[in-house]
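Here are my notes on the model you sent over. I've kept them as numbered points so you can check each one against the coordinates.

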Amino acid sequence: MFAMDVRDEEKAVGEGAAGPVVSPRGLVDLRGQDGGPVLMSYPAGAVVVVSGLPGSGKSTLLRRWSGAATVIDPRVSHVACEAVMPAWLPYAVYRPWARLRHFRRLYAEVRSGGPLLVHDCGSRSWMRRWLSWTVGRGGRELHVVLLDVGAAEALAGQEARARRAPRRVFARHRQGLGRLLETLRLHGPTAVRESVSVVLLDRVSRERLTAVEFTPPPAPHPTAGPLPGPGA
C-alpha cells in the first residue's frame, strides 16, 4: 500500500450525521483503513466509474449507491440480449450487439447531464478518456473508484454469485488492472489525468462506503453593500 497522495485542501473531509464525508481530489488511498461508515460526496452531475476485477464487489457497491444516481451496468445489456436469443446460441456470437446496446445507453445517459455511476472493469483507458472528454464538454467531472481486492478475493466473489468470468477474460482484466495500479504507484494521480480523483479501496474499506451524494456547489455569499449614511 502507498500513502495517501492528497493534501488537506485537495480532499475536503467533513463530519456528517452518519460519519465522515469525503469529497475526493487527486489520489485517495483508503486501503487498509477500517472504521465506521463513510459518505462519498461528488459534485452535481459528476460521472463516477467504479472499476475492478470481476467478482471484486463492483455491483454490490453500485447497488448500495443506486439511490443517488443512475447506474450503467453492461450486465443489463447482456441479460436483455440473452433474453431474446436462442438458449443454444453462445454469448460470444451476439456480444458485439450487447456491447453496442450498452454503449448507446451509456452515451444517452452521459448526455442527459445528470449524475452517473458506471460499472467498468477499469482496464480500458480509452473508455475513461472518452468519458472525460464527453462530460468535460458540459463542465462536469469524471471520478474513478478502483477496487483492489486481489485475485483470490475476486474469484471467491465470482463463486459466491455463481457467475464466473472466463479464465482468459479474467486474466486480461487482471493484467490491465495490475498495470494501472503499478502506474498509480509510480506516478500518483497524474497516472489517470482524465479523472479528477481516483479512490483506491480494498475489501475492508469497500464496506465502509455506505452511501454517495452528488451536491451542487455552495451558493456564493451576498456581497455586503455600503453602510447607510446618517440620513438613511
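1. A word on classes before the pocket: Ala, Val, Leu, Ile, Met, Phe, Trp, Tyr, Cys and Pro count as nonpolar, Asp, Glu, Lys and Arg as charged, and the others, Gly among them, as polar. On that basis, the lining of the largest pocket splits into 15 charged, 13 polar and 11 nonpolar residues. Bear in mind that this is a predicted model.

2. Staying with that pocket, it holds about 1300 Å³ of space. Its lining runs to 39 residues, and those nearest the centre are P54, P74, H119, R161 and H173. Which elements supply at least two residues each to the lining? They are α1, α2 (74-84), α3 (91-112), β7 (116-120), α5 (151-161), α6 (167-187) and α7 (203-208). The biggest giver is α3, with six residues.

3. Next, have a look at β7. Five of its five residues are buried, so the strand is largely enclosed by the rest of the structure. Both faces are covered: L117 and H119 are buried on one side, and L116, V118 and D120 on the other. H119 is worth a second look, as it is also among the residues nearest the centre of the largest pocket.

4. What does β7 pair with? Strand β5 (residues 47-52) runs parallel to β7 and is joined to it by five bridges; within that pairing, V50 has H119 as its bridge partner. Strand β6 (residues 70-72) also pairs with β7 in the parallel sense, over three bridges, and there T70 stands opposite L116.

5. On to the largest nonpolar core, which has 27 residues; L106, L116, L131, L146, L184, V198 and L200 touch the most other members. At least two residues of this core come from each of β5, α3, β7, α4 (125-136), β8 (142-147), α5, α6 and β9 (197-201). Here α6 gives the most, with five residues. As general background, nonpolar side chains in soluble globular proteins tend to be buried together.

6. Helix α1 (residues 58-65) has K58, S59, L61, L62 and W65 as its buried residues. They sit on the same side of α1, because the arc they cover around the axis is only 160 degrees. The textbook reasoning applies: an α-helix has 3.6 residues a turn, so residues three or four places apart point the same way. Remember that α1 also supplies at least two residues of the lining of the largest pocket.

7. A backbone oddity for you: A162 is not a glycine, yet has a positive phi of about 55 degrees. Where does A162 lie? The residue is in the loop between α5 and α6. Is A162 buried or exposed? The cut-off for exposed is over 50% relative accessible area, so A162 counts as exposed at 59%.

8. Two long-range contacts in sequence terms round this off. R129, in helix α4, is partly exposed, with a relative accessible area of 47%. Its C-alpha atom is separated from that of R193 by 8.9 Å, and the two residues are 64 apart along the chain. S195 is in the loop between α6 and β9 and is buried, with a relative accessible area of 10%. From S195 to V47 the C-alpha to C-alpha distance is 9.7 Å, across 148 residues of sequence.

Conventions: Residues are numbered from 1 along each chain as its sequence is written. This is a predicted model: local features need pLDDT of at least 70, side-chain atom pairs count only at pLDDT 80 or more; totals for chains, interfaces and linings use all residues. Side-chain values use heavy atoms; hydrogens and water are left out. Buried means under 20% relative accessible area, exposed over 50%, partly exposed in between (1.4 Å probe, protein chains only). Helices (H or I, at least four residues) and strands (E, at least two) are DSSP runs, numbered from the N terminus. The arc is that of the directions from the helix axis to the C-beta atoms. On a 1 Å grid over the protein atoms alone, a cavity is a set of points where a 1.4 Å probe fits but cannot get out, and a pocket is an open set with protein on both sides within 12 Å along at least five of seven lines; lining residues have an atom within 4 Å of a point. Grid points are joined across faces, edges and corners, and a volume is the space filled by probe spheres set on the points. Two strands pair if DSSP finds at least two bridges between them. A nonpolar core is a set of buried Ala, Val, Leu, Ile, Met, Phe, Trp, Tyr and Cys residues joined through side-chain atoms within 4.5 Å.
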